[in-house]
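This report goes through a few local features of one protein chain. Please look at the sequence and the model before reading on.

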Amino acid sequence: MTNSKLEVLTPENCQIIFIDQQPQMAFGVQSIDRQVLKNNVVGLAKAAKVFNIPTTITTVETESFSGNTFPELLDVFPEHDILERTSMNSWDDQKVRDALAKNGKKKVVVSGLWTEVCNNTFALCAMLEGGYEIYMVADASGGTSKEAHDYAMQRMIQAGVIPVTWQQVLLEWQRDWAHKETYNAVMDIVKEHSGAYGMGVDYAYTMVHKAPARAQGAHRTLAPVPANK
């Protein structure tokens with residue numbers, strides 16, 4: 001019998017949902033640096049855009065509590081519908097269920113806040129009631145403490161959720177550097193969002209392959225001038 005969880009993620013077999021990537025939710029995150037969190041979320045979103053992954057964005061109590069979704073995330077998907085809810089559990093909203101069903105992919109990549117509440121309940125219910133496979137992006141999600149995040153991840157893993165990281169998902173979608181149709185776009189994401197990896201790519205491009213610097217505008221380099229003693 002084939003185990004579908006042994007299948008790697010591909011642009012053809014999965015969809016993605018961003019759950020409550022909103023400022024008030026981020027204020028409570030203590031399990032990961034919040035700027036790193038936003039960087040990872042936006043990097044993941046850009047990857048989903050490059051590979052045409054069906055994408056759902058859902059929010060909770062925007063006006064009364066959580067605030068607007070990160071603009072950097074929304075700008076990746078201009079004109080994209082935002083599915084507002086009252087329930088902490090996205091699965092409780094019919095619009096979300098309908099969006100997932102319409103996308104027609106049983107593998108669901110999840111990035112959300114908070115891990116121990118909105119991610120956890122959605123994952124368990126989507127698996128139990130919807131028959132979905134959940135791939136939880138651990139470093140594009142956050143909890144109210146390291147323990148809250150870690151134990152929620154453990155609970156979900158015990159229930160069958162597959163833990164992943166955002167860069168893992170990006171490179172799993174790319175899979176082969178011979179896929180030139182997405183190569184440059186992936187490298188752009190890496191250079192902007194992948195920290196030391198991205199810095200290394202910039203260095204290799206400019207110092208080894210003599211590509212022009214990535215910075216915008218004209219930046220002259222003035223030769224050293226020893227000061228008068």
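## Strand 4 and its cover

A residue is called buried when its relative accessible area is under 20%. The model discussed here is predicted. By that cut-off, strand 4 is mostly covered, since six of its six residues are buried.

The cover is found on both faces of the strand. On one side the buried residues are K107, V109 and S111; on the other they are V108, V110 and G112.

## Neighbours of strand 4

Which strands pair with strand 4, and how do they run? Strand 1, residues 14-19, runs parallel to strand 4 and is joined to it by six bridges. Strand 5, residues 133-137, also runs parallel to strand 4, and four bridges join these two.

V109 can be followed to both neighbours. The bridge partner of I16 in strand 4 is V109, and V109 stands opposite Y135 in strand 5. Strand 4 and strand 5 also belong, together with helix 6, to a right-handed β-α-β unit.

## A cis peptide bond after strand 4

The peptide bond between L113 and W114 is cis, with omega at about -10°. W114 is part of the loop that lies between strand 4 (107-112) and helix 6 (115-130). This loop therefore sits inside the stretch from strand 4 to helix 6, two elements of the β-α-β unit described above.

## Positive phi angles

Two residues other than glycine have a positive phi: E79 and K210. For E79 the angle is about 70°. E79 lies in the loop between helix 4 (71-74) and strand 3 (82-85), and E79 is exposed, with a relative accessible area of 79%.

For K210, phi is near 60°. K210 is found in the segment after helix 10 (195-208). K210 is exposed as well, at a relative accessible area of 63%.

## Cysteines and disulfides

A disulfide is a covalent bond between the sulfur atoms of two cysteines. How many disulfides does the model contain? The count comes to zero, where a pair of cysteine sulfur atoms would have to be within 2.5 Å to be counted.

C118 shows why a bond is missing in its case: the closest cysteine sulfur, in C125, is 12 Å from the sulfur of C118, which is too far for a bond. C118 is buried, with a relative accessible area of 3%. C14 is another buried cysteine, with a relative accessible area of 0%.

Conventions:
Residues numbered from 1 in each chain as written. Predicted model: local features only at pLDDT ≥ 70, side-chain atom pairs only at ≥ 80, totals over all residues. Heavy atoms only, no water. Buried < 20%, exposed > 50% of the residue type's maximum accessible area, 1.4 Å probe, protein only. Pairing = 2+ DSSP bridges. Right-handed = clockwise from strand over helix to strand, strands pointing away.
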